[in-house]
Amino acid sequence: MHYLHLSERWISNYLKIDNVSIKLFTIPLFWPQRKAMKHFCICLFATLLARQLSAQASFQITYTGFTATQQAAFDLAAQRWAAILQSAVPIKVNALLVPLPSGPLGICFPNGRKEFAAAPFSGTWYPTALANALSGEELNAGEYDMDIYFNSTQSWFWDTAGTVPSHQYDFVSVAMHEIGHGLGFVSLAKVSNGEGSLGLLSPDDFAPLTTSFPWPDLDSLPSVYDRFLVDQNGIHLIELTNPSVFLGQQLTSNELYFAGPQATAANGNSAPRLYAPNTFSLGSSITHLNESTYPAGHPDELMTPFVSKGKKVHNIGPVTRAMLADLGWKLNPLQGIQAELTNHRLAVFPTLTHGPLWLHAPYRLNKLMLVNVQGQIVLKQPAPRQEEPLFLDLSALPAGCYLLVVRGDGGQWTGRVAKQ
Ligand SMILES: [Zn+2]
C-alpha cells in the first residue's frame with residue numbers, strides 16, 4: 001500500500017521584479033493503512049529536549065544522469081534536510097536528470113501510505129518518508145520515498161558555494177525545495193471545472209510523467225498537510241463537502257492558511273498564509289507558502305511557488321520547519337544547528353545553555369540576532385569585525401527555543417539554540 005504525491009517547479013512567464021521566475025509545483029497521491037492517535041505538543045522546547053535522543057535522518061540517493069559534481073550538489077540539498085529531521089529509516093530518493101517536456105525545472109512525486117499503525121490521523125495520506133519515520137521501520141521496502149525529476153535542458157548552477165550567475169538556476173535551492181515536497185509539504189487539492197476536491201488526483205493529471213512506484217486510488221482522502229488547511233474564517237477544508245464548488249471557491253480564495261499549532265507559533269501567532277491564487281494552478285496552488293507573504297529574502301522563502309535565476313536559498317526557515325513538525329516530523333534542531341554551522345566552519349557552543357553562548361568563525365562576523373518562537377527579535381547586535389570568539393549572554397531571556405541568525409563575510413546562517 002502506498003501513496004504517492006508529486007511536486008515540482010514549472011517554468012512560467014511569471015515576472016518577478018526584473019527577473020524571470022519559476023513556478024514551483026507540487027502534487028501528491030497516496031495509499032492506505034491504519035490509524036493511531038493524534039498528539040500535538042505545542043511546547044517546542046520540551047520536544048526539542050526529548051528529540052535529541054532520536055536518530056538524525058539519513059538519505060539514500062539513486063542517481064540517473066548525474067555527474068559526480070552534480071551529485072555533490074544534490075547531496076548538499078539532502079544534507080540540509082537531514083540535519084534537521086529525525087528518522088531511524090533512511091529516506092530513499094530517486095533523482096533523475098533528464099530532459100523534461102514543457103520546460104519545468106523539476107518535479108517531485110512522493111510515495112505515500114495511509115492507515116499504518118503509527119499514523120496520527122486515520123483516513124490520511126502520509127509521505128512514506130514521514131510514515132517510515134513515525135513507524136520506526138520501513139513500510140515501503142523496494143520502493144523509493146520520492147521520485148524527483150530535474151530538467152537537464154535548464155541552465156543550472158551546480159556549485160555548492162559562491163554566487164549564482166544571473167542566467168542560471170541554483171540547483172541546490174531547487175533540490176531542497178523538491179525534497180521539501182517529498183517530505184510532506186504537499187496538498188492533494190485540485191480544482192476542475194470550478195469544483196474543488198481533495199484526494200482525487202490521478203496519473204492522467206501528470207502524464208506523460210510516471211512514477212517508479214504504484215499510483216494508488218487516493219479515495220478522496222486528504223494528505224496530512226491538507227488536514228491543516230483553513231479558510232479566512234478558520235474553517236477546516238477537510239470539513240467541507242468533497243468535491244464541491246464551495247471547496248473549489250475556498251481553494252481559489254487567495255485566503256488560505258496552514259493552521260498547524262507549531263507553525264502558527266513560529267509565524268508570530270498567526271497561521272502561515274498559503275499560495276491560493278484565484279486561478280487554480282495544479283501543483284502550485286495550496287502546496288506552497290504564499291509568495292508575497294514570504295518574498296525573496298524572507299527566511300521562509302524556500303517553499304514559495306516562485307524562484308528566480310541567480311537566486312540561492314539554502315536555508316530552511318523557522319515557519320517551514322514548524323510546518324514539518326506539525327505534519328509529524330520530529331525535528332533535530334540542536335544537532336541541526338551544529339551540523340549546518342560546522343559545515344561552514346562557524347562554531348556555536350553550547351547550543352543548550354543557561355546563559356553563555358560563544359560563536360567563533362575563521363572570518364569576520366558582521367551581524368547576529370536571536371528570534372523567539374513568536375517570530376520576535378529578542379536580541380540583535382553587530383558583531384566585532386575581527387576573527388575573535390563572540391560572547392552572548394542569554395541569561396535574561398526566558399527559557400525556550402530561539403532561532404539564531406548570523407551574518408558574516410562568508411554568508412548568512414540560521415540555526416537553533418535552546419535556553420534552559
Ligand atoms: Zn514546489
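Here are five short exercises on the structure above, each with a worked solution.

The model is predicted, and local features need pLDDT of at least 70, side-chain atom pairs count only at pLDDT 80 or more, while totals for chains, interfaces and linings use all residues. Residues are numbered from 1 along each chain as its sequence is written, and side-chain values use heavy atoms, with hydrogens and water left out.

**Exercise 1. The whole chain**

Find how many helices and strands the protein has, and what percentage of its residues is buried.

Step 1. Start with the secondary structure: there are 8 helices and 24 strands. Helices (H or I, at least four residues) and strands (E, at least two) are DSSP runs, numbered from the N terminus.

Step 2. Turn to burial. Of the 420 residues, 58% are buried; buried means under 20% relative accessible area, exposed over 50%, and partly exposed in between (1.4 Å probe, protein chains only).

Step 3. Look at the contacts, meaning heavy atoms within 4.5 Å. Among contacts with a separation of 6 or more, 70% are between residues 24 or more positions apart.

**Exercise 2. The zinc site**

Which residues coordinate the zinc ion, and what spacing do the donors follow along the chain?

Step 1. List the donors, which are N, O and S atoms within 2.8 Å of the metal (3.2 Å for Na, K and Ca); water is not among the atoms, so sites may look incomplete. The zinc ion is held by NE2 atoms of His177, His181 and His288, at 1.9 to 2.0 Å.

Step 2. Read the spacing: the donors give H-x3-H-x106-H.

Step 3. Place two of them. His181 belongs to helix H4 (residues 171–182) and His288 to the loop between helix H6 (261–266) and strand E15 (306–308), so this pair ties together parts that are 107 residues apart in sequence.

Step 4. Check their surroundings: His181 and His288 are both buried.

**Exercise 3. A neighbour in the same loop**

Is Asn290 buried or exposed, and which side chains does it join by polar contacts?

Step 1. Locate Asn290 in the loop between H6 and E15.

Step 2. Its relative accessible area is 4%, so Asn290 is buried.

Step 3. Search for polar contacts (a pair of N or O atoms within 3.5 Å; within protein, one must be able to donate a hydrogen and the other to accept it, and residues adjacent in sequence count only if both atoms are side-chain atoms). The Asn290 side chain has one of 3.1 Å with that of Ser292 and one of 2.9 Å with that of Thr293.

Step 4. Leaving out residues up to four places away in sequence, Asn290 touches Arg273, Leu274, Tyr275 and Thr304.

**Exercise 4. Helix H2 and the core**

Which helix holds Phe74, and which residues touch the most other members of the largest nonpolar core?

Step 1. Phe74 sits in helix H2 (residues 68–82).

Step 2. Test the helix length. The expected span is 1.5 Å times one less than the number of residues, so the 15 residues of H2 should span 21 Å, and the 20 Å between its end C-alpha atoms agrees.

Step 3. Phe74 has 0% relative accessibility and therefore counts as buried. Its contacts, not counting residues up to four places away in sequence, include Ile61, Val93, Ile148 and Ala175.

Step 4. Define the core: a set of buried Ala, Val, Leu, Ile, Met, Phe, Trp, Tyr and Cys residues joined through side-chain atoms within 4.5 Å. The largest one has 73 residues, and Phe74, Trp81, Phe150 and Leu183 touch the most other members. H2 gives the largest share of this core, 7 residues. A second, separate core of 15 residues includes Val348, Leu357, Leu365 and Leu392.

**Exercise 5. Aromatic pairs**

How many aromatic pairs are there, and what is the geometry of Phe66 with Trp158?

Step 1. Apply the rule: rings of Phe, Tyr and Trp (its six-membered ring) pair if their centres lie within 6.5 Å, with planes under 30 degrees apart stacked, over 60 edge-to-face and the rest tilted. The count comes to 24.

Step 2. Phe66 and Trp158 have ring centres 6.4 Å apart and planes at 80°, so the pair is edge-to-face. Both residues are buried.

Step 3. Compare another pair: Tyr225 and Phe258 are tilted, with 5.4 Å centre to centre and 50° between the planes.

Step 4. Finally, follow the ring pairs outward: they link Tyr63, Phe66, Phe74, Phe150, Trp156, Trp158, Tyr169 and Phe171 into a cluster.
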